[in-house]
Structure formats: C-alpha cells, structure tokens
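Please open the structure in your viewer and keep the selection tool at hand. This tour goes from the whole chain to one helix and its neighbours, and at each stop it says what to select and what is there.

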Amino acid sequence: MSGVRSSGVALLLMVASGFAALGSQIVWTQQGALWLGHESAAVLAVIGAFFGGLALGAWGFGARIERSAQPARWYAACEAAIGVWSLVLIALPALAMPWLLELTGAQPSAPRQWTVAFVGTFVLLLPATMAMGATLPAMERVLARWHGRGAALAALYAGNTAGAVLGVLAAAFWLVPTLGLMRTAVVCALLNLLCAAIAWRWDGDATAAPHATAAARSEVLPMAVQRSVWPLLLLGATGLLGIGYEVLVVRVLSQVTENTVYTFAMLLATYLVGTALGAAAWQRWGSQHVDIREHQGLLWALAGACLFGVIALGFAPQIKAFTLHALGPSLASALIAEAALAALAFLPATCVMG
C-alpha cells in the first residue's frame with residue numbers, strides 16, 4: 001500500500017471513529033439524564049467521564065503502542081473494544097441504576113450526589129473511553145511507518161474531530177429522533193466494529209512500510225523535551241482551562257437558550273469545528289518545531305480569544321432576542337440564534353486550542 005493511500009485509509013478511519021464516538025456520547029448523555037434526573041448534570045458527568053477515560057487510555061496504552069510492531073492491530077483492538085462495550089452499555093445503565101440510586105440515598109448532600117454521579121458515570125463508560133484514548137496514538141504510529149513521527153498528527157486529529165462534529169449533529173438531529181436511543185447506540189457500535197475489521201485487514205498491507213524502524217519509533221520529541229515535565233504540565237493546564245471554559249459557556253448559555261439536547265449538540269459541534277479547523281490550519285501552515293517557547297504567542301492568542309468569548313456571553317440575551325426578532329419565532333430561528341451564540345463564544349478560542 002502506498003503512503004498516500006495509507007494516509008487516506010487512516011483519515012477515513014479516524015473520521016468514522018470520531019463520528020461513532022460523539023454519536024455514542026450523545027446517547028450516553030441522554031441515558032445519564034434518566035438516572036441523574038437532570039440533563040445538565042448528565043452533560044457534565046459524561047464530559048468528565050469522557051475526557052478522563054481518554055487521558056487514562058492514552059497514558060495507559062501509549063507506551064505499549066509505541067513499542068509495538070503492529071500498531072494497526074492495537075487500533076483494531078481498541079475500536080473493537082469500543083464497539084463491544086457500547087453494545088453492553090445499552091443494557092448496563094438500567095441494571096446499575098437501582099444500585100446507584102441506593103448509593104446516592106433519598107436526601108443526599110450535594111457533594112455525595114455529585115460524587116456518585118461523576119464516579120458512577122466514569123466507571124460505566126471507562127472501558128469504552130479508555131479504548132478511545134488509545135486510538136489516536138495507535139493510528140499516528142501506523143502512519144509513522146510512511147511519513148515519520150508527528151508528520152500527520154494534526155491531520156489525524158482534524159479528521160477525527162470533523163467526524164465527531166458529524167456524529168454529534170447526526171445523532172442529535174437525525175439518528176436519535178428517527179431510530180431512538182438504543183438503535184442509535186447500535187449504529188455507532190457497528191461503525192466502531194467496521195473500523196476494527198478494516199484496520200485488522202489493513203495491517204497486513206502496512207507492515208513493510210519504509211519508516212517501520214526502531215529509530216523512527218523513538219523520534220517522538222527531542223530529548224530535551226522528553227526529559228522535561230514542563231510541556232506536560234503546560235498541556236495539562238491548558239486542557240483544564242479549555243474544558244473549564246467549555247463548561248462555563250454551556251452553563252451560562254443554558255440560562256439563555258432552550259437548554260435541550262439540541263442546544264448541547266450545537267455547542268459541542270461548534271467547539272469541535274473550531275478545534276478541527278485549528279488543527280487543520282496548523283497542519284497546513286504551522287511550524288513543525290516542538291520548542292514550546294517558539295509558540296507562546298498561541299497562549300496569548302488563546303487568552304485573548306477566551307476573553308472575547310466571555311464578553312460575548314454578556315450580550316447573549318440581546319443577541320438571541322435580535323435574531324428571533326429578525327427571523328421570527330420558530331424552531332429554526334431558535335437554532336440559528338443558538339448557533340450564533342455558540343460561534344461567538346467558542347469559535348475564536350477553539351480554533352486556537354486546535
């Protein structure tokens with residue numbers, strides 16, 4: 001298989017994987033709302049469980065994938081695990097709900113209620129989210145055989161995120177209303193299993209790629225960066241602030257918008273569009289150097305973009321009222337107003353984040 005064809009297959013797999021992952025997240029959020037009793041609580045619990053699992057998966061499996069001579073098999077195994085556990089989750093929350101409600105108690109304190117909600121959701125989703133966290137490192141290792149380390153990482157991230165945008169919108173506005181929660185979950189799980197089958201078959205064509213050497217596998221970062229924890233701390237801080245900013249915007253706009261699953265899907269899709277555009281732009285025009293000091297301008301730009309978003313939130317009621325007055329009261333105009341608010345709050349910041 002040529003390097004160009006290999007890149008195309010990898011990108012399609014990451015788009016499909018992103019679609020399935022965020023489609024499943026919409027399903028999990030609506031399932032969570034049933035036993036948590038509130039959609040906002042479900043949104044926060046699923047977001048926390050989702051990103052926590054991604055981090056654990058990348059951390060727990062990353063080194064093993066790095067040493068593996070068959071990263072495509074790792075990718076296939078992860079997609080298969082996601083698909084199988086997504087099918088298990090169709091029935092598991094209903095079985096776990098009585099036990100979680102009993103653990104919460106009839107009149108729980110706020111800390112107890114939130115602890116059970118977050119920990120319970122985290123544990124229920126963990127097998128799938130950990131596997132999701134390992135898919136990007138595995139696919140990047142596959143393409144390193146053809147292009148060298150790091151060459152296609154931003155493109156893979158952009159493709160995965162673009163698929164996630166499609167998954168969010170399709171699940172919220174089409175699949176769930178048409179098929180229902182359970183069948184939508186099955187569709188997403190089958191898509192994961194299809195990705196697994198393609199990757200397993202594809203591995204046999206990729207094993208003789210020119211960059212599949214121990215030297216290529218070790219060229220992840222310059223040694224000076226490998227020895228420093230500063231980049232990891234900086235990335236951890238920006239991740240904390242990035243998701244904190246997302247939660248802030250969701251909570252503020254929930255006071256202004258209709259605060260339905262459609263609102264959440266619109267906000268999440270806009271967040272993902274911004275990160276996909278930013279990653280694609282960096283792949284096309286960004287520097288390939290890894291010295292974080294050369295890119296501190298991005299951090300200043302991120303601070304400014306978040307400040308702009310916070311100021312825009314202050315005018316959210318007026319922006320929504322103006323849009324509804326201009327377009328007339330209807331579901332379409334309400335969605336357009338919510339999309340405009342999401343774009344103002346999210347797009348500048350998330351483009352820089354991407």
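Begin with the whole protein in cartoon view, where you will find 13 helices and zero strands, helices (H or I, at least four residues) and strands (E, at least two) being DSSP runs numbered from the N terminus. This is a predicted model, in which local features need pLDDT of at least 70 and side-chain atom pairs count only at pLDDT 80 or more, while totals for chains, interfaces and linings use all residues. Residues are numbered from 1 along each chain as its sequence is written, and side-chain values use heavy atoms, with hydrogens and water left out.

Stay with the whole protein and colour it by accessibility: buried residues make up 45% of its 354 residues, where buried means under 20% relative accessible area, exposed over 50%, and partly exposed in between (1.4 Å probe, protein chains only).

Next, select residues 316-327, which form helix α12, a run of 12 residues. From its first C-alpha to its last α12 reaches 17 Å, close to the 16 Å expected at 1.5 Å a residue, the expected span being 1.5 Å times one less than the number of residues.

Now show the side chains of Ala316, Lys320 and Thr323, which are buried in α12. They lie on the same side of α12 because they cover an arc of only 65° around the axis, the arc being that of the directions from the helix axis to the C-beta atoms. An α-helix has 3.6 residues a turn, so residues three or four places apart point the same way. Turn to the other side of α12, and Phe322, His325 and Ala326 are exposed.

What do the buried residues of α12 pack against? Select α9 (230-254), α11 (296-314) and α13 (331-353), which are their partners; contact here means heavy atoms within 4.5 Å.

Look first at α11 and α12, which pack at an angle of about 65° with their axes 4 Å apart; axes are lines fitted to C-alpha atoms, for helices over the stretch in contact, and angles run from 0 to 180 degrees between N-to-C directions. Here Ala312, Leu313 and Gly314 in α11 meet Ala316, Pro317, Gln318 and Ile319 in α12.

Finally, select α9 with α13, which pack at an angle of about 180°, their axes 11 Å apart. Among the residues that meet are Tyr245 and Val249 in α9, and Leu341 and Phe346 in α13.
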